[in-house]
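Visitor: Please show me the model. I would like to ask how its labels are earned.

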Amino acid sequence: MTDPAKVRRHAERIRELVASVVRSQIKDPRLGMITITDARITADLRDATVFYTVLGDAAAQASTAAALESAKGLLRSTVGKALGLRHSPTLTFVLDDVQDQVKHIDDLLAAARNADAEVQRLAARAEYAGEAQPYRVEDEDEDDENAEVEETQDEEPRGGDLR
């Protein structure tokens with residue numbers, strides 16, 4: 001088994017290496033404005049997945065994916081030499097759709113905000129279905145009279161028969 005800390009270090013190193021090679025050595029005109037966001041490698045250090053984002057539309061994303069596929073051999077040999085592993089990991093490039101997820105979450109938050117505003121608007125005009133105070137509250141005057149009656153009943157006569 002491979003140490004998880006070692007796997008994380010290798011994944012981080014792969015991310016840095018791929019980013020630097022893409023920036024400096026690959027001269028493909030199809031390569032757009034690319035950012036390498038993450039890299040993950042399996043525990044056996046044989047397969048690496050590199051996540052990237054591309055600034056632009058779907059055509060720019062497709063052309064960048066084609067450019068990365070054609071440069072995969074150069075990237076794999078550079079990564080293999082730099083890591084010094086017995087086997088160079090195979091590289092798989094995956095388009096990171098963080099921007100789409102962020103837009104979806106923003107849309108969901110906006111819908112929730114609108115629903116909360118609608119609930120507040122409806123609650124402002126709402127009236128109670130019954131009385132405003134649904135619990136029975138006894139008057140204070142009745143409480144005082146009842147307490148006096150109970151006190152007189154509890155008292156025993158003083159004085160009286162001593163038989």
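Guide: Buried means under 20% relative accessible area, exposed over 50%, and partly exposed in between (1.4 Å probe, protein chains only). The model is predicted: local features need pLDDT of at least 70, side-chain atom pairs count only at pLDDT 80 or more, and totals for chains, interfaces and linings use all residues. Residues are numbered from 1 along each chain as its sequence is written, and side-chain values use heavy atoms, without hydrogens and water.

Visitor: Which residues of α2 are exposed, and which are buried?

Guide: A58 and A59 are exposed. On the other side, A60, T64, A67 and L68 are buried.

Visitor: What makes the buried residues of α2 one face?

Guide: Seen down the axis, they fall within an arc of 100°, so they line one face of the helix. The arc is taken over directions from the helix axis to the C-beta atoms.

Visitor: Why is L95 called partly exposed?

Guide: Its relative accessibility is 33%, so L95 lies between the two cut-offs and counts as partly exposed. L95 is found in strand β3 (residues 90-95). Strands (E, at least two residues) and helices (H or I, at least four) are DSSP runs, numbered from the N terminus.

Visitor: What does L95 contact, leaving aside neighbours within four places in sequence?

Guide: Y52, T53, V54 and Q61. Contact means heavy atoms within 4.5 Å.

Visitor: What does F93 contact, with the neighbours within four places again left aside?

Guide: V18, V50, Y52, L68, K72 and L75.
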